[in-house]
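Trainee: Please take me through this model one question at a time, and explain each term when it is needed.

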Amino acid sequence: MTSREHKLQKPPVMIIALANMANARLLDRMLGAQFHLQHTLAEEDDETLLEADLIVADTASLQHNRERILHMRRRAAPNILPVLLVADSRSRLPPRITAELGHSVDDILRIPTNQAELQARIDNLLRLRTLSHQQETNRQQLVGVVSALRTLNACDRVIVRSKNEDEMLSSLCRTIVAEEGYNLAWVGFAIDRADKPIEVRASAGPAAGFLSELTLGWGSDAIGSGPAGQSIRSGRVRIVDDITSEPALAHFAERARAHRLASAISLPLIFESGLPGCLSIYSRNPGHFGPEERQLLERLADNLVFGLNALRTLREREHQSAEIHYLAYTDALTGLPNRRHLVHYLDGMLEANDNSETSGAVLFIDLDRFKLINDALGHEVGDQVLVQIAQRLQGAVRNADQVIRQGGDEFLVLMINDPRQGGTSTREQIIINACALADRIIAHLGAPMLEGGFTHHIGASVGISLYPDHGRNATTLIENADKAMFEAKRQGSGGRMLFSEDLSANRQQRFAMESRLRKALDNEEFELHYQPIFELDSCRIVAVEALIRWPQADGKILMPGAFMSVVEETGMIKPLGDWILETAARQLKAWHDQGYMLAMSVNVSLNQLYPGCIAESFAALVKPHVDPRWIHLEVTENALMVDPEAIETLLEELHAQGFQLAIDDFGTGYSSLSRLQHLSIQTLKIDRSFTNELGQPGSKGAALVAIIQQMAASLNLYTIAEGIETDEQRQFLLEMAGVNCWGQGFWFSCAIPANELVARLRDQQET
Ligand code: C2E
Ligand code: CA
Ligand code: CA
């Protein structure tokens, strides 16, 4: 029974305090069977008198005991201790006594009287007392409800305000203990392990030490037989009224006694997902957890579950939004921030520092020939290369700078110049720093990189834009750095370029170039020059390579490097390629007619071959003039890698039409010996960069050329060494390869117009 409940159960106690002893005896007789009667109002009996339910007095005893009676009535408050005054019907009541009605007296009974009258009066007064009792009980219950609500409220506040689970649980335990005066409150969770332990996550109360000595579990063994284990296992509230008398709890009864814990309640905490937990509360009083207490705590546990669920959902959402943020602002492959991040960050920085001296640079980095690695060695190798590049870039920049993957093989670096951190603020100094950073990046990336079984030499072109000079928002800055990079690339890979307004003009020039090229194509303004290919020993011309030239109105001649990229990009290469092939064939026919039986090399670019090149159409251009076997089509090693199977078939078809096939710039790509074996090719053109190195002390060129020569010999291929610029180089090659190798280069002749070539052929014939 809790303190909040109170009931009248025993027979009423009546004090008959009559001065008139005859009357006292009379009442004794009339009422003795129903009441527990007492005849004293003495002070020393105060505690027993507290039990009194009714006092019967007469005028004399009232006069004598008035203060005592008032005292007792006050002590009984808020319950009413009724007083019945018995007065002689024959004498008139003095006004003094009638004035007592409502103070020390509630009713006056005239005697003699009959049993029924007496009984009715007494019943009335006792009902009054019962009513006052009930009222008090109600009031107390109300107080109990208010206090329960207050506890709930306090706990709810804790639940709502807590930012994390641990904070919520420990504040809640503290609040429960403080509000309800328990000895111990704790929250634990079932752990998914073979031994099924319960992990205590929070506890509070003077007896919290009780837990530290205890092994808690939720299995069906002795350890799991505690209230917590039982409530977790069953999912129901478990109440222990007296810990010492429960045989199942014998193992911790002794400790509970030592910590003054007598009764306990454990409430299961069941969640939408995950293992349950429990809220366990201990009281020092046996039988403390009655229905009201239980109801309160059940509501509290419900709210706790609600709060924990809400917190977990929130955490999950936070986690998700962090993940979304990560995905949105990070490049998945390299883990670097992405372009979106840079735009966000840089725009924010530029906006925040509108008028300050914030300055710095955006570097746009584009890898040269990365596509080749991807095409030749597959995306996995390509990806690994990009990851290594990302690491190298991070190694090249300062901590304050940011490396960003823009996409594909393009990266950005944000160079932040902060004068407060010792940065320089003059524009010149920033340019110097940015250029130095670009050079460092190019050097870092250029170091040999081993990946996919090959050593790569990765060049990069870097464009630089400065803020705030070249743009006041990220998009413009990136765009301008991109333009600068494009220009750097156009001028030859491995360079850097600072943006300037002129670069935009360059773009314009490009468009102008395109329309001029179209006109040139229509008007047949192009020319072919022919670079002789000669035998290394006799130095006789045995073939020529057709190289395109574009004479300008001012008499200058544009070289292919200046316009072929535009031709390729705009698709003009198809008609121009056809014109080149046919013109070369027609020229060759003219020479053949004059008795100069040369072979003719014609360069074929990737965009001509793919997609949709038809070997027949190539043959159709050539056949009206010469047999295709006189024509060597030069395809760069890199072009072979794009769609290896399609190219392989195409080469076969071209060869079937009679064309001879050569791999141009051999050594700069990724051909393997086994790949070469499967290709219908007859000639390898050794790249100029190797020839260049011949004779240079300490260079690998000689070794590489030797390997290429051996490889060619084993595959029955001819070789042509490109870029022979000195006689020393020629002799070197001659010694190494003998008659299997032809040569080409400025040492002998650059590309010359047809009529000049005829003159040389004539000379040659004469000597
Ligand atoms: P390529 O096919 O490797 O042509 C050889 C290039 O090296 C030519 O440059 C040639 O002038 C140059 N060269 C030859 N000997 C030497 C030397 O001893 N030293 C140096 N430094 N260079 C030498 P060019 O004519 O400027 O052509 C450049 C590239 O443009 C060619 O490289 C080729 O890829 C492309 N190209 C030229 N003409 C045509 C063409 O008619 N069609 C296609 N598709 N591409 C062409
Ligand atoms: Ca060539
Ligand atoms: Ca070449």
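**Questions on the model**

Trainee: In which strand does Asp665 lie?

Mentor: Strands are DSSP runs of E with at least two residues, helices are runs of H or I with at least four, and both are numbered from the N terminus. Asp665 belongs to the run of residues 660–666, which is strand 23.

Trainee: On what basis should the numbers and values be read?

Mentor: Residues are numbered from 1 along each chain as its sequence is written, while chains are lettered from A and ligands numbered from 1 in the order in which they are written. Side-chain values use heavy atoms, leaving out hydrogens and water, and local features need pLDDT of at least 70, side-chain atom pairs count only at pLDDT 80 or more, and totals for chains, interfaces and linings use all residues, for this is a predicted model.

Trainee: Is Asp665 buried, partly exposed or exposed, and what is its phi?

Mentor: Buried means under 20% relative accessible area, exposed means over 50%, and partly exposed lies in between, with a 1.4 Å probe and protein chains only. Asp665 has a relative accessible area of 26%, so it is partly exposed. Most residues other than glycine have a negative phi. Asp665 takes a positive value instead, near 50°.

Trainee: Where does Glu524 lie, how accessible is it, and what is its phi?

Mentor: Glu524 is in the loop between helix 16 (501–522) and strand 18 (527–535). Its relative accessible area is 54%, and therefore it counts as exposed. Although it is not glycine, Glu524 has a positive phi, near 50°.

Trainee: Which peptide bond before Pro112 is unusual, and what is its omega?

Mentor: Most peptide bonds are trans. Pro112 sits in the loop between strand 5 and helix 5. The bond that joins Ile111 and Pro112 is cis, with omega at about 5°.

Trainee: Where does Pro468 lie, and what is omega of the peptide bond from Tyr467 to Pro468?

Mentor: Pro468 is in the loop between strand 16 (460–467) and helix 15. The bond from Tyr467 to Pro468 is cis, and its omega is near 10°.

Trainee: What span does helix 15 reach from its first C-alpha to its last?

Mentor: The expected span of a helix is 1.5 Å times one less than its number of residues. Helix 15 (residues 474–490) has 17 residues, and the span is close to the expected value, reaching 24 Å.

Trainee: Which residue reaches the backbone nitrogen of Thr475 at the start of helix 15, and which takes a positive phi just after the helix?

Mentor: The buried residues of helix 15 include Ala474, Leu477 and Ile478. At its start, a side-chain oxygen comes to within 3.2 Å of the backbone nitrogen of Thr475, and this oxygen belongs to Asn473. Just after the helix, a positive phi of about 115° is taken by Gly492.

Trainee: Which backbone oxygens does the side chain of Arg110 reach at 2.9 Å?

Mentor: Arg110 lies in strand 5 (residues 107–111) and is partly exposed, because its relative accessible area is 33%. Contact means heavy atoms within 4.5 Å, and Arg110 touches Ala87, Asp88, Ser89, Ser91 and Leu93, not counting residues up to four places away in sequence. Its side chain reaches, at 2.9 Å, the backbone oxygen of Asp88 and also that of Ser91.

Trainee: With which side chain does His133 make a polar contact?

Mentor: His133 lies in helix 5 (residues 115–161) and is buried, since its relative accessible area is 7%. A polar contact is a pair of N or O atoms within 3.5 Å; within protein, one must be able to donate a hydrogen and the other to accept it, and residues adjacent in sequence count only if both atoms are side-chain atoms. At 3.3 Å, the partner of His133 is Asn79.

Trainee: Which side chain does the side chain of Arg284 meet in a polar contact?

Mentor: Arg284 is in the loop between strand 10 (277–283) and helix 10 (291–329). At 35% relative accessibility, it counts as partly exposed. Its polar contact, at 2.7 Å, is with the side chain of Asn183.

Trainee: How far apart do the C-alpha centres of domain 1 and domain 4 lie?

Mentor: Domain bounds come from an automatic or database domain assignment. Domain 1 covers 3–137, and domain 4 covers 530–547 + 573–766. Their C-alpha centres are separated by 135 Å.
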